[in-house]
Amino acid sequence: MTDDTERKAGTTSRMRTMIAAGGGLVLGIAICAVTMFAMMPKMMLTVHESRFGTVDETCAALEKAIEEGGWSCPGVRDMKKSMAKYGVEFPGEARIVELCKADYAKKVLTTNPEVLTLMPCAWGVYKGTDGKVYISGMNMGLMGKMFGGTIAEVMGGSVAKDERQMLASVIAE
């Protein structure tokens with residue numbers, strides 16, 4: 001082989017290697033993105049079975065746990081009644097239990113007023129198709145990490161910790 005032929009063969013080999021590496025990188029990024037997209041909904045919400053048999057009992061227990069945890073419960077919204085006002089029939093029991101700790105809210109809103117839309121915190125309480133009562137909520141630990149900064153400190157730290165403590169007496173686990 002001549003020097004010119006060897007050089008062309010070496011260049012072609014390097015180009016193939018670079019194309020393969022670039023293709024592998026793009027494929028890896030695509031697989032990672034699809035996996036994250038598929039898993040995020042399950043990761044963003046937490047669902048726990050209630051130790052109580054009715055939505056009313058569960059809501060009452062949550063209100064008590066909220067107050068005992070040093071938080072306030074601004075309200076419990078009955079979604080079935082709310083929808084009925086607009087002529088929409090909802091067959092199941094569904095409530096939203098709101099909870100707020102003013103000190104935490106102030107700390108977050110002072111630096112990040114745009115997250116006001118996430119306040120107050122809330123838990124959904126509903127009767128599942130299996131007849132059991134469930135409590136759903138946002139995964140505050142993950143939510144805080146996604147935002148970073150003060151939100152991570154407060155929502156991902158203090159709020160997530162307090163929520164775990166308040167739910168401990170209400171969930172079946």
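These are my notebook entries on a few things I looked up in this structure.

**Entry 1: getting my bearings**

I kept in mind from the start that this is a predicted model. I looked up the overall make-up and found six helices and five strands in the protein chain. Reading along the sequence, I wrote down the pattern α-β-α-β-α-β-α-β-β-α-α. The protein chain has 173 residues, and buried ones make up 29% of them. I also looked at contacts between residues at least 6 apart in sequence, and 67% of these join residues at least 24 apart.

**Entry 2: helix H2**

I turned to H2, which runs over residues 55–68. I checked its length: at 1.5 Å a residue, its 14 residues should span 20 Å, and the end C-alpha atoms are indeed 20 Å apart, which agrees.

Which residues of H2 are buried? I listed Val-55, Thr-58, Cys-59, Ala-61, Leu-62, Ala-65 and Ile-66. These buried residues cover an arc of only 165° around the axis, so they sit on the same side of H2. Lys-64 and Glu-68, on the other side of H2, are exposed.

Next I asked what covers the buried residues of H2. The cover includes four strands that I could name, S2 (76–78), S3 (94–99), S4 (121–127) and S5 (133–138), and also helix H6.

I picked out Glu-57, which also belongs to H2. Its relative accessibility is 40%, so Glu-57 counts as partly exposed. Glu-57 and Val-133 lie 76 residues apart in sequence, yet their C-alpha atoms are 9.7 Å apart in space. After H2 comes Gly-70, and I noted its positive phi, near 85°.

**Entry 3: helix H4 and the loop after it**

In H4 (102–111), I found Tyr-104, Ala-105 and Val-108 buried. Looking down the axis of H4, I saw that its buried residues fall within an arc of 100°, so they line one face of the helix. On the other side of H4, the exposed residues are Ala-102, Asp-103, Lys-106 and Thr-110. H6 is included in what covers the buried residues of H4, just as H6 is part of the cover for H2.

I then moved to the loop between H4 and S4, where Pro-120 is placed. The peptide bond from Met-119 to Pro-120 is cis, and I noted its omega near -5°.

**Entry 4: helices H5 and H6**

Since H6 had come up already, I looked at how H5 packs against it. How do two packed helices get described? By the angle between their axes and the distance between the axes. For H5 (residues 140–147) and H6 (residues 149–167), the angle is about 175° and the axes are 7 Å apart. An angle over 145 degrees counts as roughly antiparallel, and H5 and H6 are therefore roughly antiparallel to each other.

Which residues make this contact? From H5, I listed Met-140, Gly-141, Gly-144, Lys-145 and Phe-147. From H6, I listed Gly-149, Ile-151, Ala-152, Met-155, Gly-156, Val-159, Ala-160 and Glu-163. Sorted by class, the contact of H5 with H6 has seven nonpolar, four polar and two charged residues.

I finished with Gly-149, which is in H6. Is Gly-149 buried or exposed? Gly-149 has a relative accessible area of 60%, so I put it down as exposed. Gly-149 and Val-108 are 41 residues apart in sequence, and I noted 9.5 Å between their C-alpha atoms in space. That Val-108 is one of the buried residues of H4.

Conventions. Residues are numbered from 1 along each chain as its sequence is written. This is a predicted model: local features need pLDDT of at least 70, side-chain atom pairs count only at pLDDT 80 or more; totals for chains, interfaces and linings use all residues. Side-chain values use heavy atoms; hydrogens and water are left out. Axes are lines fitted to C-alpha atoms, for helices over the stretch in contact, and angles run from 0 to 180 degrees between N-to-C directions. Helices (H or I, at least four residues) and strands (E, at least two) are DSSP runs, numbered from the N terminus. Angles under 35 degrees count as roughly parallel, over 145 as roughly antiparallel, 65 to 115 as roughly perpendicular and the rest as oblique. Contact means heavy atoms within 4.5 Å. Ala, Val, Leu, Ile, Met, Phe, Trp, Tyr, Cys and Pro count as nonpolar, Asp, Glu, Lys and Arg as charged, and the others, Gly among them, as polar. The expected span of a helix is 1.5 Å times one less than its number of residues. Buried means under 20% relative accessible area, exposed over 50%, partly exposed in between (1.4 Å probe, protein chains only). The arc is that of the directions from the helix axis to the C-beta atoms.
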